[in-house]
Each structure stands twice: as C-alpha cells, then as structure tokens.
Amino acid sequence: MKRIVVTGTHGAGKTTLCYLLAAYFKQQQHNVKVLNETARQCPFPINEIANNNTELWIVHSQIVKELDAEAQHYDAFITDRCPLDPLVYWAERNPKCEEFYELENTVLKWLVRYDTIFLVEPSSDTDSFAIDAVRATSIQYRNRIRDIFRIYVDKLPDTVKDKLHIIQSNDIFGGFKLPEIIQPLAANIGAGAVACS
C-alpha cells in the first residue's frame, strides 16, 4: 500500500488536490481511498479557539483512520491532512506542556510511514480563499499556520524531506498538471510496504 499525504494550512487547495490525485490513480485502475480531514468531526472547538483536547482528539482520530484504511487493503490512500496538521495548529498557540512535546515526537516519527507528502501553500500572503461554516476566515491566522508548517519542514529528517513536494495553490486551481513524481508512484502503487521504525 502507498500512503500519500496532502498537508498544509487551511484554504490552500488541499482537498481539491486530494481528489485530483484520486481521479488520476483511479484512471490508472488503482483502488484508492481518500481520507477526508478529521477536524470537521471533532467534538471540541477548532480553529483559533481550539484547546489541547482538540489536537489530541484529531491526532489520534487521524491515526485510527489511516490504520483502518491499511486494514482494508487499498492500493493506496490519499489523506487530506495528517497528524502533523493538528500539531502545527497546536504549536500556533505556543504550548508549554509535556503532552505537546510527547505528541510532537510521535508525529514526527509517524511521518516516516508516508511514501509521498504534498505540502500545499497559498500562492501569496494575501490570497483569499473560499469561506464555509467551519474553516477559519482570518488570512493572518492562515499565514501563521503556513509559517509554522515551514518550521516543521526544517525539522524533518532527510528521509522524510526526500518525500516532500511543495505545491502552490495557484498550481492546483490554474489547470493543475500532475507532477512527474506521480507517474512512477502510480507505476508501482501496489508494490512494497513501508516498515515502521
């Protein structure tokens, strides 16, 4: 099974990219599953008013969702966000607690499991984005989250950085062409498994 992650700040086009990737793999006759983002089901407050329970619930729910997809033996799953996302949103609140640092350690180790990671960024600091009843509306907040993702990218081990591809939102919404890295991934999508370290 291949594990493909689309991560990054809200309002940048992650969900759109997930479905573009899924459509491509399905056209290649692969059995893929899209894992929708978990935050919308969270019983605790999200966005700027999130609390520690919010991020703990989202991280653990995301991990369970990914393990469930593995148990169902898809050729691949494409996940809209991953455990790194709630960690970044928690970091924005400047946590000073043992729980955060334990979770950070777990999340950074979990990232090793993925075959490909797409970090989606807004194309500019002032890009507007679609508003819905759930997503935070502040562009400043979105940009702070984007900047914290960049800090975590710098912390990643080289083995994870080698799997990371940064995509701008304009590339997704402006006639997105699948990058060349997707073609070899599709060619061996059913081959091999990532060992847990």
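**Reading helix 1 and its neighbours**

Tutor: Let's begin with helix 1, residues 14–27: at 1.5 Å a residue (times one less than the number of residues), its 14 residues should span 20 Å, and the end C-alpha atoms are indeed 20 Å apart, which agrees. Helices here are DSSP runs of H or I with at least four residues, strands are runs of E with at least two, and both are numbered from the N terminus. This is a predicted model, where local features need pLDDT of at least 70, side-chain atom pairs count only at pLDDT 80 or more, and totals for chains, interfaces and linings use all residues. Residues are numbered from 1 along each chain as its sequence is written, and side-chain values use heavy atoms, leaving out hydrogens and water.

Student: Which residues of helix 1 are buried?

Tutor: Buried means under 20% relative accessible area, with a 1.4 Å probe and protein chains only. In helix 1 they are Lys14, Leu17, Cys18, Leu21, Ala22, Tyr24 and Phe25. They lie on the same side of helix 1 because they cover an arc of only 160° around the axis, taken from the directions from the axis to the C-beta atoms.

Student: Why do residues three or four places apart point the same way?

Tutor: An α-helix has 3.6 residues a turn, so such residues face alike.

Student: How many disulfides are there?

Tutor: A disulfide needs two cysteine sulfur atoms within 2.5 Å, and the whole structure has zero. Cysteine 18 is buried at 0% relative accessibility, and cysteine 42 is buried at 12%.

Student: Is arginine 3 buried or exposed?

Tutor: Arginine 3, in strand 1 (residues 2–8), is buried, because its relative accessible area is 6%.

Definitions and conventions:
Buried means under 20% relative accessible area, exposed over 50%, partly exposed in between (1.4 Å probe, protein chains only).
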